[in-house]
Amino acid sequence: MLHPRERLVEDDLMARFGLKRHVVRNVLAELEQMGLVERKRNIGALVKAYTVEEVEHLYEVRELLETHCVRQIPLPVAEERLQALLAIQYAHDEAVAQGDLRRVFRLNVRFHRELFGLADNPVLVEAISNHAQRAHSIRSSTIAMPAQLERSRQEHWQLIETLRGGDVETLVELCRAHLLPSRDAYIQAQRLRAGPASSVAT
């Protein structure tokens, strides 16, 4: 898992992923265009770090997209349509129990894509995925916290039960609340890093 401001060294990436240098450079260029990587003079490529204002703006958009999407899901969802989501969540439970953070992260991405896919609007799902991708470095701030992993796991099951139950407003509120921990943890870390006498640049 990569963290904000983590340096991306070409030689390390080549060894880690078994890639040629030109491939690594192309990937870094693509990630920079996507807003996931930034380049600094005399330092090189770094995982993108966001200001507090940028995080707030990004999460405002994510909330708008995701809550709108879950409102479009026909409730209650038939049990057969939940089978893929359930399979992902059982695997997510297992990964959390084993402390396998890489697998937890991948399964979390799959869970949400499957969840939003229930709205049957692939364009909206793609927009949600794009904004979630931009938040990967923000979300990594909570991925190693056992309490947050367990909270996220339990919230996934609450979302599933609400899909079965048919209360759209509860589903919307669960979706909204599910976004907050990673946003808040990142902002708190930024403010602590800035120190009590200074503020984070916006």
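V47 in strand β3 is the bridge partner of V37, and this pair is a good place to begin a tour of the model, which is a predicted one.

**The small sheet**

A second bridge joins the strands here: R39 has A45 of β3 as its partner. In total, β2 and β3 (residues 44-47) run antiparallel to each other and are linked over 4 bridges. The two strands make a hairpin, with 3 residues lying between them. In that turn sits N42, whose phi is positive at about 65 degrees.

The hairpin belongs to an open sheet of 3 strands, ordered β1-β3-β2 and paired in the antiparallel sense. Which strands stand at the edges? They are β1 (7-8) and β2 (37-40); each has a single partner strand, so one side of each lacks a neighbour in the sheet. As background, strands of a sheet pair through backbone hydrogen bonds, either parallel or antiparallel.

**Helices around α5**

Now let us turn to the helices. Helix α5 covers residues 101-117, and helix α8 covers residues 146-165. Helix α5 also meets α4, which spans residues 83-98. The table sets out the two packings.

| Helix pair | Angle | Axes | Crossing |
|---|---|---|---|
| α5 and α8 | about 20 degrees | 12 Å apart | left-handed |
| α4 and α5 | roughly 160 degrees | within 9 Å | left-handed |

With an angle under 35 degrees counting as roughly parallel, α5 and α8 are therefore roughly parallel to each other. On the α5 side, the contact includes L101, V104 and F111, while L149, I160 and L163 are among the residues it meets in α8. The residues of this contact divide into 8 nonpolar, 4 polar and no charged.

For the other pair, the crossing angle makes α4 roughly antiparallel to α5. Among the residues of α4 that take part are L85, I88, E94 and V96, and those of α5 include R103, L107, R110 and E114. By class, the contact of α4 with α5 has 10 nonpolar, 4 polar and 4 charged residues. Some residues of α5, including V104, N108, F111 and L115, appear in the contacts with both α4 and α8.

**How confident is the prediction?**

The protein chain has a mean pLDDT of 86, with 89% of its residues at 70 or more. Over residues 198-202, however, the pLDDT is below 50, and this stretch has 9 contacts in the model beyond near neighbours in sequence. Among the elements of the chain, α4 has the highest mean pLDDT, 96, and helix α7 (residues 136-143) the lowest, 69.

Conventions: Residues are numbered from 1 along each chain as its sequence is written. This is a predicted model: local features need pLDDT of at least 70, side-chain atom pairs count only at pLDDT 80 or more; totals for chains, interfaces and linings use all residues. Side-chain values use heavy atoms; hydrogens and water are left out. pLDDT is the predictor's confidence in each residue, from 0 to 100. Contact means heavy atoms within 4.5 Å. Two strands pair if DSSP finds at least two bridges between them. Axes are lines fitted to C-alpha atoms, for helices over the stretch in contact, and angles run from 0 to 180 degrees between N-to-C directions. Angles under 35 degrees count as roughly parallel, over 145 as roughly antiparallel, 65 to 115 as roughly perpendicular and the rest as oblique. A crossing is left-handed if the near helix is turned anticlockwise from the far one by less than a right angle, and right-handed if clockwise. Ala, Val, Leu, Ile, Met, Phe, Trp, Tyr, Cys and Pro count as nonpolar, Asp, Glu, Lys and Arg as charged, and the others, Gly among them, as polar.
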